[in-house]
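Let's take a friendly tour of this structure, stopping at its charged pairs, its rings and its surface. Have the viewer ready and follow along.

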Amino acid sequence: MLPLLCLNLAEVVWNHGLLKRVGVCHGISGNAYVFLSLYRLTCKMEFVLVPCWMSLLLMMRVAEDLIRWLHQPTYRNQRFKLWLNYFEMYGGKFLDLLSDRKKLCMREDRRQQACIVGLQEFEVLDAQIVKEILERSFYSMWWGLCG
């Protein structure tokens with residue numbers, strides 16, 4: 001009975017789309033929690049894919065906001081730049097998702113701040129670039145989990 005109720009709830013979340021807010025209960029993260037809970041209940045990988053896409057949507061919205069702010073006169077005159085990198089830590093290994101899952105090395109500098117050696121970064125000029133990079137790296141991460 002409970003699994004059927006959970007599946008019905010997930011269908012409602014999927015059919016009504018994502019809210020524009022962010023929070024534990026509502027919005028993208030709350031909706032993602034429904035699917036992660038279903039994965040925990042059923043162990044079906046299909047329920048992991050949806051929250052991953054939701055996290056990409058959240059990152060896209062953040063990038064769009066940041067780029068919009070950077071184009072405002074107050075910030076444009078200060079010549080701020082937005083840079084993007086994308087890595088994952090899995091099983092004690094650091095992998096660069098923008099460089100075909102290349103292994104990375106983490107070290108501390110003289111100020112005891114963490115540095116990830118070899119991490120590739122891209123300057124971001126518009127949200128479309130972020131979307132393309134995140135989608136490409138998402139597939140790299142996803143196939144790393146499944147293949």
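## Phe 87 and its aromatic partner

Phe 87 is a good place to begin: its relative accessible area is 32%, so the residue counts as partly exposed. Keep in mind that this is a predicted model. Phe 94, by contrast, has a relative accessible area of 13%, which makes Phe 94 buried.

How many aromatic pairs does a search of the whole structure find? The search returns 2. In one of them, the ring centres of Tyr 75 and Phe 80 are 6.3 Å apart with the planes at 45°, so that pair is tilted. Phe 87 and Phe 94 also form a tilted pair, with 6.1 Å from centre to centre and 50° between the planes.

## The nonpolar patch

Tyr 75 and Phe 80 turn up again on the surface, where they join Val 62, Leu 66 and Trp 69 in a nonpolar patch of about 470 Å². Helix 3 supplies the largest share of this patch, 3 residues.

Phe 80 sits in the loop between helix 4 (73-76) and strand 1 (82-84). Its relative accessibility of 47% places Phe 80 in the partly exposed class. Tyr 75 is partly exposed too, at 34%.

## Helix 3

Helix 3 covers residues 46-70, and its length can be checked with simple arithmetic. At 1.5 Å a residue, its 25 residues should span 36 Å, and the end C-alpha atoms are 37 Å apart, so the two values agree. The buried residues of this helix are Phe 47, Val 48, Val 50, Pro 51, Cys 52, Met 54, Leu 56, Met 60, Ala 63 and Ile 67.

Helix 3 also holds a charged pair: Arg 68 forms a salt bridge with Asp 65, and the closest N and O atoms are 2.3 Å apart. The two residues are 3 apart within the helix, about one turn. Why does that spacing suit a pair? An α-helix has 3.6 residues a turn, so residues three or four places apart point the same way. As for exposure, Asp 65 has a relative accessible area of 30% and is therefore partly exposed.

## Salt bridges beyond the helix

Side chains of opposite charge can pair when their charged atoms come close. A search of the whole structure finds 3 salt bridges. Besides the one in helix 3, there is a bridge between the side chains of Arg 101 and Glu 88, at 2.6 Å from N to O. Arg 101 lies in the loop between strand 3 (93-96) and strand 4 (102-108) while Glu 88 lies in strand 2, so this pair ties together parts that are 13 residues apart in sequence.

Is Glu 88 buried or exposed? Its relative accessibility is 12%, and under 20% counts as buried, so Glu 88 is buried. Its place is in strand 2, which runs over residues 87-90. Arg 101 is partly exposed, with a relative accessible area of 24%. The contact between these two side chains, at 2.6 Å, is listed as a polar contact as well.

Asp 109 and Arg 111 also form a salt bridge, with their closest N and O atoms 3.8 Å apart. Here Asp 109 is partly exposed at 24% relative accessibility, whereas Arg 111 is exposed at 63%.

Conventions: Residues are numbered from 1 along each chain as its sequence is written. This is a predicted model: local features need pLDDT of at least 70, side-chain atom pairs count only at pLDDT 80 or more; totals for chains, interfaces and linings use all residues. Side-chain values use heavy atoms; hydrogens and water are left out. Helices (H or I, at least four residues) and strands (E, at least two) are DSSP runs, numbered from the N terminus. Buried means under 20% relative accessible area, exposed over 50%, partly exposed in between (1.4 Å probe, protein chains only). A polar contact is a pair of N or O atoms within 3.5 Å; within protein, one must be able to donate a hydrogen and the other to accept it, and residues adjacent in sequence count only if both atoms are side-chain atoms. The expected span of a helix is 1.5 Å times one less than its number of residues. A salt bridge is a side-chain nitrogen of Lys or Arg within 4 Å of a carboxyl oxygen of Asp or Glu. Patches are made of residues with over 30% relative accessible area and no salt bridge: like charges are joined within 9 Å, nonpolar side chains (Val, Leu, Ile, Met, Phe, Trp, Tyr) within 5 Å. Accessible areas come from the Shrake-Rupley method with a 1.4 Å probe; for residues, only the protein chains shown count as cover. Rings of Phe, Tyr and Trp (its six-membered ring) pair if their centres lie within 6.5 Å; planes under 30 degrees apart count as stacked, over 60 as edge-to-face and the rest as tilted.
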